[in-house]
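The exercises below concern one protein chain. Each sets a task and then works through the solution step by step.

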Amino acid sequence: MRFPRLNLGADLFRQWTVGIRFELNADHWPNVQWDAVLDRAITIYEAVFQEGDKCFIVSGHEFEFEHIGGGPSKLPEFRNSIFALSRKKSLGIHGIAARQRVVTYRDRSTTVVTTYRWAAKEPRSIGYPYILRAIMYNDFPPKQPRIGNRVYFVNQSRNIILHMYDDRGIDVIAPQVDNLRLLYEAHKALVLDHARSSIDKLFATAE
């Protein structure tokens with residue numbers, strides 16, 4: 001993958017120069033059209049991930065602590081992850097996942113440690129509609145299913161990362177504009193209006 005110095009944080013679109021932000025939820029709370037939001041999310045996912053693509057699914061969870069007494073000696077395990085949900089619902093991603101903990105922020109009083117877990121999966125074989133629904137409901141208890149961590153889908157074959165950040169939208173980034181051109185042309189109607197000018201300019205100047 002060619003994403004040097006990329007931090008898998010919540011806002012991929014603003015971190016990276018080549019990307020598209022798609023709007024999922026035009027009718028904001030309390031008038032959310034849940035079925036329409038999910039249909040849009042599935043449409044974008046299926047446009048990014050084709051049969052036979054090599055894919056990683058990555059979860060990221062932040063733990064913040066203050067520098068009191070040197071901080072905790074051991075970080076607590078996070079149990080409300082996409083991998084835990086898969087064990088309950090047979091989503092096809094409950095196999096062995098690698099794990100890495102990274103200090104993603106530090107100042108004089110606070111440190112943020114992010115735990116990343118990932119596993120290689122065939123993107124069309126996992127229960128992605130259920131996963132996208134769980135992300136969509138994340139800020140709306142008591143709706144279910146819900147998960148408590150960020151989820152990234154990494155397409156190794158096409159050098160694309162997809163991140164649905166909540167019910168409002170999806171970020172898709174790539175090293176080069178050509179990696180995303182077909183996606184942009186097919187679904188430009190779903191581009192977030194507030195970002196449309198810069199995104200249209202990106203694809204126009206790269207032609």
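**Exercise 1: A residue in strand β4**

A119 counts as buried, at 3% relative accessibility; buried means under 20% relative accessible area, exposed over 50%, and partly exposed in between, with a 1.4 Å probe and protein chains only. The model is predicted, so local features need pLDDT of at least 70 and side-chain atom pairs count only at pLDDT 80 or more, while totals for chains, interfaces and linings use all residues. Residues are numbered from 1 along each chain as its sequence is written, and side-chain values use heavy atoms, with hydrogens and water left out.

Task: state which residues A119 touches, not counting residues up to four places away in sequence.

Solution.
- Step 1. Locate the residue: A119 lies in strand β4. Helices (H or I, at least four residues) and strands (E, at least two) are DSSP runs, numbered from the N terminus.
- Step 2. List the contacts, meaning heavy atoms within 4.5 Å. Beyond four places in sequence, A119 touches C55, F56, I57, F83, I96 and A97.
- Step 3. Add a distance: R21 is 98 residues from A119 along the chain, and their C-alpha atoms are separated by 25 Å.

**Exercise 2: Helix α3**

Task: identify the elements against which the buried residues of α3 pack.

Solution.
- Step 1. Find the buried residues: in α3 (residues 82-89) these include I82, F83, A84, L85 and S86.
- Step 2. Name the partners: the buried residues of α3 pack against β2, β4, α4 (128-136) and β5 (150-155).
- Step 3. Inspect the start of the helix: there, a side-chain oxygen of S81 comes to within 3.3 Å of the backbone nitrogen of F83.

**Exercise 3: Strand β1 and its neighbour**

Task: determine how many residues of β1 are buried, and with which strand β1 pairs in the antiparallel sense over five bridges.

Solution.
- Step 1. Recall the general pattern: in a regular strand the side chains alternate between the two faces of the sheet.
- Step 2. Assign the faces: G19, R21 and E23 lie on one side of β1 and I20 and F22 on the other, and all are buried. The count is thus five of five residues.
- Step 3. Find the partner, given that two strands pair if DSSP finds at least two bridges between them. β1 and β7 (residues 169-173) pair in the antiparallel sense over five bridges.
- Step 4. Take one bridge: the partner of E23 in β7 is G169.
- Step 5. Follow the chain onward: N25 is found in the loop between β1 (19-23) and α2 (34-48). N25 is buried, with a relative accessible area of 2%.
- Step 6. Examine its side chain: the side chain of N25 makes a polar contact with that of D167 (2.6 Å). A polar contact is a pair of N or O atoms within 3.5 Å; within protein, one must be able to donate a hydrogen and the other to accept it, and residues adjacent in sequence count only if both atoms are side-chain atoms.
- Step 7. Complete the list: leaving aside residues up to four places away in sequence, N25 touches V32, V37, D167 and R168.

**Exercise 4: The hairpin of β3 and β4**

Task: describe how β3 is joined to β4.

Solution.
- Step 1. The two strands are joined by a hairpin through three residues.
- Step 2. β3 and β4 pair in the antiparallel sense over eight bridges.
- Step 3. R101 stands opposite T115 in β4.

**Exercise 5: Backbone exceptions**

Task: where are the cis peptide bonds from P141 to P142 and from Q144 to P145, and what is the phi of R5 and of S90?

Solution.
- Step 1. Recall the usual case: most residues other than glycine have a negative phi, and most peptide bonds are trans.
- Step 2. The bond from P141 to P142 is cis, with omega near 10°, and P142 is found in the loop between α4 and β5.
- Step 3. The bond from Q144 to P145 is cis, with omega near 5°; P145 is found in the loop between α4 and β5.
- Step 4. R5, in the segment before α1 (12-15), has a positive phi near 65°. R5 is exposed, with a relative accessible area of 80%.
- Step 5. S90, in the loop between α3 and β3, has a positive phi of about 55° although it is not a glycine. S90 is exposed, with a relative accessible area of 63%.
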